[in-house]
Amino acid sequence: MLNPRFFKKFTFFIIGAFLLYTVILIVPIVLSFAYSFTNWDGYSKQIDFVGLKNYIRIFQSEAMMAALGNSFVFCFFNAVIITALAIPLSLVFHAGFRIRNFLRSAFFFASVPSVLIIGYIFQLFFGPTKNGVLNALLGNLGLEPVKWLSKGLLPMVSIIIANVWRLTGWHACIYLARLQGISEEYYEAARIDGASGFAIFRYVTFPLLAPAMTISMMLIIIDGLKIYALPYALTGGGPGYRTTFMTQLIIQTGIGEKMVGKSSAMAVVFFAVILVVAVIQLRVSRKREENLC
């Protein structure tokens, strides 16, 4: 039987957590939805109802469409590349050799520093002049400097490379945790049947990694859709809108341009898009788990 004092403390703990969650998350969401139907600038006391005008304006906005497209492109390539690198890397981490713990720590460390700091580090790496690390290497090979952060598709490619470097080791540890939970009996049975190393990976290891892949993909998508500091540090959103993401556009519109109503409408639409993407991704991943396992 539960102790009444314990039950009372537990109830207060739950209520406190719920109130904190409501204040931090639920209230801002509700206010954003309400402000999206107004012309509030974020400072004045006068707030006028404008109906769906903000929503019509944002769907007619070139910046909005560009930022939304950039966010999806960034998420897609990050998910594909990070997954393609993290799974083999987790196999290396799982192998039995002396320096594996050092390698785990070294690759995981990339995700520890602030995202903004990583952005500034890669800004030096992709520097457009001959002093940039990458251009200095090209100069030693007799090649001309490349404008990595301002020419064509290269700015987006540079941001993706920086983010892949940041997260690959972290997601490899997610797959490693799953690998360590796979029973050795599966591998012994496969070896007895004469399966090759690739066959064991394809028919045993890869299917059993499905739950870890679901978690990893969901985290990559969430991180990619809310990315802000990394592209801001590298390119500032330029050139033009080529590396402007939704989070930056929402902040810039609301705070920089003093159009909180319009930025709230962007946030509401973006929230709905994220919700739809998350549900689809989760259902696809669960279905894949059922088919593989």
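# A guided tour of the model

Begin by selecting F125, which is partly exposed, with a relative accessible area of 28%; in this tour a residue is buried under 20% relative accessible area, exposed over 50% and partly exposed in between, with a 1.4 Å probe and protein chains only. The model is a predicted one, in which local features need pLDDT of at least 70 and side-chain atom pairs count only at pLDDT 80 or more, while totals for chains, interfaces and linings use all residues. Residues are numbered from 1 along each chain as its sequence is written, and side-chain values use heavy atoms, with hydrogens and water left out.

Now add F126, which is buried, with a relative accessible area of 1%. Rings of Phe, Tyr and Trp (for Trp the six-membered ring) pair if their centres lie within 6.5 Å, and planes under 30 degrees apart count as stacked, over 60 as edge-to-face and the rest as tilted. By this rule the model holds 14 aromatic pairs. The centres of the F125 and F126 rings are 5.0 Å apart and their planes stand at 85°, so this pair is edge-to-face.

For a pair with another geometry, move to Y228 and Y232, whose ring centres are 5.5 Å apart with planes at 20°, so the two are stacked. Y228 is partly exposed, at a relative accessible area of 29%, and Y232 also counts as partly exposed, at 43%.

Return to F125 and F126 and select F122, W148 and W165 along with them, since ring pairs link these five residues into a cluster.

Keep W148 displayed and go to N135, which lies in helix α6; helices (H or I, at least four residues) are DSSP runs, numbered from the N terminus. N135 is buried, with a relative accessible area of 2%. Leaving out residues up to four places away in sequence, N135 touches G127, P128, T129, K130, P145, V146 and W148, where contact means heavy atoms within 4.5 Å.

Helix α6 covers residues 133–140 and also holds L138, a buried residue with a relative accessible area of 17%. Apart from neighbours within four places in sequence, L138 is in contact with L143, E144, V146 and W148. To see a longer separation, select I118 as well: L138 and I118 are 20 residues apart in sequence and 22 Å apart in space, C-alpha to C-alpha.

Next, find T235 in the loop between α11 (229–234) and α12 (246–256). T235 is buried, with a relative accessible area of 18%, and, not counting residues up to four places away in sequence, T235 touches L149, P155, I159 and T243.

A ring and a charge make the following stop, at Y43 and K258. The charged end of K258 sits over the ring of Y43, 5.4 Å from the ring centre; the rule asks that NZ of Lys or CZ of Arg be within 6 Å of the ring centre and within 35 degrees of the ring normal.

Finish on the surface by selecting L20, Y21, V23, I24, L25, I26, I29, V30, F271, L275 and V279, which form a nonpolar patch with about 1,000 Å² of accessible area together. Which helix gives the most to the nonpolar patch? That helix is α1, with 8 residues, and α1 (4–35) and α13 (260–292) each supply at least two. V279 is found in helix α13 and counts as partly exposed, at 37% relative accessibility.

Note on methods. Patch = residues over 30% accessible without salt bridge, like charges linked within 9 Å, V, L, I, M, F, W, Y side chains within 5 Å. Areas by Shrake-Rupley, 256 points an atom, 1.4 Å probe, with all protein chains shown as cover. Salt bridge = Lys/Arg side-chain N within 4 Å of Asp/Glu carboxyl O.
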